[in-house]
Amino acid sequence: MADLYANFAELSAAEVEGVDYSRTSVRPAGATWASIAIHGGGIEAGSGEVARAVAGDDGRMAYYEFAGLKPADNFDTLHITSTNFDEPQALSLVSGADRILSWHGYAGTTGVAETAIGGLDGRLRDLVAAALTAAGYAVVSAPSEIAGTNVQNICNRGRSGAGVQLEMSRALRESFFPGGDTSRAMRESGQRTAAFWAYVAAVQSVLVLPLSYDPQLSRVRMAGVAPGLGDTFTGRTVVDDWGQAESGQVWLRSGAANAFQVTGGVGQHVLGATNTSRWSLAATSLLDVDVAASVSTGVLATGGGHFLALVARSTDDGATCYLARVEFSATATVILTLRRRVSGTETLISQHTTSLTHVANTPVRVRLQVIGSTLRAKAWLASAPEPATWQLTATDTNVTAAGRVGVRSILSAANTNSLPVTASWDDIATQGQAVVERSTSGIRWSPVRGGLGLDGTAGEDLRLDDYEFVDAVPTRYRVRVVEPETGATLWAESEQITPELGGVWLKSVARPFLNREVIVKDFSAVERAARHGVFAVVGRSAPVVVSDLRGSRQWTVELLTETPAAADDLDLVLAAGDTMLIHTPADCDVPGGYVAIDTVNISRPSRRSRRRVFALPCTEVAAPGPDVVGATLTCQTVLNTYATCADLLAAHATCADLLELIGDPVDVVVP
């Protein structure tokens with residue numbers, strides 16, 4: 001059935017806002033995600049409620065709903081299809097979002113509760129589908145009519161040009177409300193079932209960069225993994241498919257289903273015929289990529305070679321792409337070639353015969369980098385260190401569109417091995433250097449201390465603490481995986497948090513276990529010393545001046561402690577002699593910044609008082625260099641805490657566990 005109105009202008013001219021429909025747009029400052037329902041209210045009942053709950057109230061997601069308010073016939077009169085939905089508030093909101101979740105309802109099969117998922121953001125689509133499936137909800141690929149793949153669909157009109165469309169069946173939406181009642185009265189009552197909240201929680205769990213604020217040391221904590229495509233095939237068995245990569249992307253296959261298996265910790269291509277390709281391509285599109293994988297075959301090649309290739313910029317069928325192909329030849333030689341395919345025609349670009357010898361069941365690692373028009377490749381024994389130099393480098397401009405990343409296996413037409421031959425792929429991972437940055441505007445980005453030159457291999461732990469955040473301001477953190485030589489961005493993921501200090505903090509970025517919230521009793525006037533000289537000149541009445549920038553700010557801040565123990569603790573913090581950061585809340589007028597602290601005076605407000613007043617003469621100084629990265633413990637911390645190595649290992653099984661140990665100010669004092 002065709003929509004009654006072709007666009008919002010027609011609808012708004014005929015219907016009354018506030019009576020027939022409503023618009024709600026909530027745009028937290030700096031929000032990077034948007035959760036929208038353009039068919040909310042009575043149009044597709046339940047979609048607006050889910051969109052609102054997923055957005056939450058923590059400022060991470062923007063929220064939009066166009067809701068039908070009529071007693072009946074909302075769908076028939078107010079529905080505007082997603083590709084034509086041009087309501088200005090909605091377009092403005094999604095245009096500022098990196099990731100968009102667009103919620104809809106469809107009839108589905110009677111009694112079947114499921115979500116049909118689509119959209120052009122393959123990465124996010126796969127992550128949401130995996131989270132919902134893990135939570136026990138049925139998820140299917142959306143059929144073409146509701147697949148959300150049109151670039152004009154509002155879910156794909158954000159900054160990335162790709163979003164996710166989620167179509168919830170009627171049975172699923174009814175399960176979200178007591179008694180299956182999706183009436184306006186029930187929806188506005190706020191009553192929801194446990195199934196509703198579990199569904200919402202599953203979607204909200206899809207955080208690319210988990211962020212949290214730790215009030216113990218006043219730090220924003222990032223605890224995630226480097227983004228990208230990564231799959232070790234560990235812990236899963238899949239028949240007739242490769243399933244879903246550990247990094248969340250679904251593996252798409254091209255070839256007979258029984259040629260694809262995951263078993264024994266590897267992804268297999270079972271090659272039952274010569275000159276027949278098997279493709280496994282990740283359901284995400286990239287332009288620039290740096291990817292590596294290990295591959296082996298179970299027998300030596302006879303007659304003709306085994307051809308195993310990494311793939312970049314590939315169409316879904318592999319007809320157009322770049323390849324770094326390893327050939328296990330019939331003479332056991334290992335030959336590396338760079339190749340391109342355009343509309344099914346494959347062309348050799350360059351070739352290198354390695355010094356390797358093919359050994360059955362012995363993995364060879366191959367790496368392919370495609371940056372702009374530059375192609376590079378190398379191959380080496382997987383058990384050996386990676387060569388420092390590329391073995392092949394070429395320039396090619398024939399494949400310029402973003403495409404799938406993956407692998408391909410095929411036997412030479414001349415191959416005479418007994419069939420099938422099995423190619424085993426393992427440890428597929430995109431790579432690069434990771435950079436962690438923050439921004440309060442979304443325009444200007446600054447590296448987070450300790451956030452340069454990190455391992456950007458997909459799936460590698462990415463843990464970082466930021467002590468220098470801006471208080472009470474929505475702040476976006478992002479991880480960019482870059483190619484080190486050119487700086488080209490290969491992957492980028494971002495997340496938002498609004499950290500709040502709560503009070504004035506005295507911080508050491510070199511030894512953050514010294515960080516303490518302090519009580520400010522008072523502070524002096526701020527001075528800036530002049531740096532100039534005034535000189536009388538013979539024969540002139542007016543002297544001349546030689547001037548320079550004034551000196552940095554100087555002031556004295558008085559800190560108050562309530563007990564002798566607190567005074568001793570603060571005294572030890574100051575005894576470290578570090579450059580300190582006076583970190584102040586946004587609404588506080590205490591002078592803040594990095595300071596050098598001169599001679600500290602400790603006094604009592606009165607003769608019998610247990611309180612102490614610390615007078616800290618402060619001179620504002622430059623922030624420590626980027627090479628100063630703090631640790632929450634020292635070797636002395638370990639020696640002071642544990643009597644033996646056995647005690648240490650019993651308390652902290654891994655290095656990551658040990659790094660969560662927080663030292664004590666006494667650890668920095670040398671008797």
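This text walks through a sheet and the helices that pack on it in a predicted model. Local features need pLDDT of at least 70, side-chain atom pairs count only at pLDDT 80 or more, and totals for chains, interfaces and linings use all residues. Residues are numbered from 1 along each chain as its sequence is written, and side-chain values use heavy atoms, without hydrogens and water.

Start with the sheet. It is open, has seven strands in the order 1-3-2-4-7-5-6, and its pairing is mixed. Strands (E, at least two residues) and helices (H or I, at least four) are DSSP runs, numbered from the N terminus. Two strands pair if DSSP finds at least two bridges between them. Strand 1 (21-26) and strand 6 (138-141) each have a single partner strand, so one side of each lacks a neighbour in the sheet. On average, neighbouring strands are turned by 20° against each other, direction ignored.

Strand 2 (residues 33-41) and strand 4 (residues 99-106) run parallel, joined by four bridges. Here Ile 36 stands opposite Ser 102 in strand 4.

Now the helices. Helix 2 lies across strands 2, 3 (61-68), 4 and 7 (164-169), at about 160° to strand 2. Contact means heavy atoms within 4.5 Å. Axes are lines fitted to C-alpha atoms, for helices over the stretch in contact; angles run from 0 to 180 degrees between N-to-C directions. Helix 4 (residues 88-95) packs on the sheet too, touching strands 1, 2, 3 and 4.

Helix 2 (residues 47-55) also meets helix 8 (residues 194-204): their axes come within 9 Å and cross at roughly 50°. Among the residues in this contact are Ala 53 in helix 2 and Trp 197 in helix 8.
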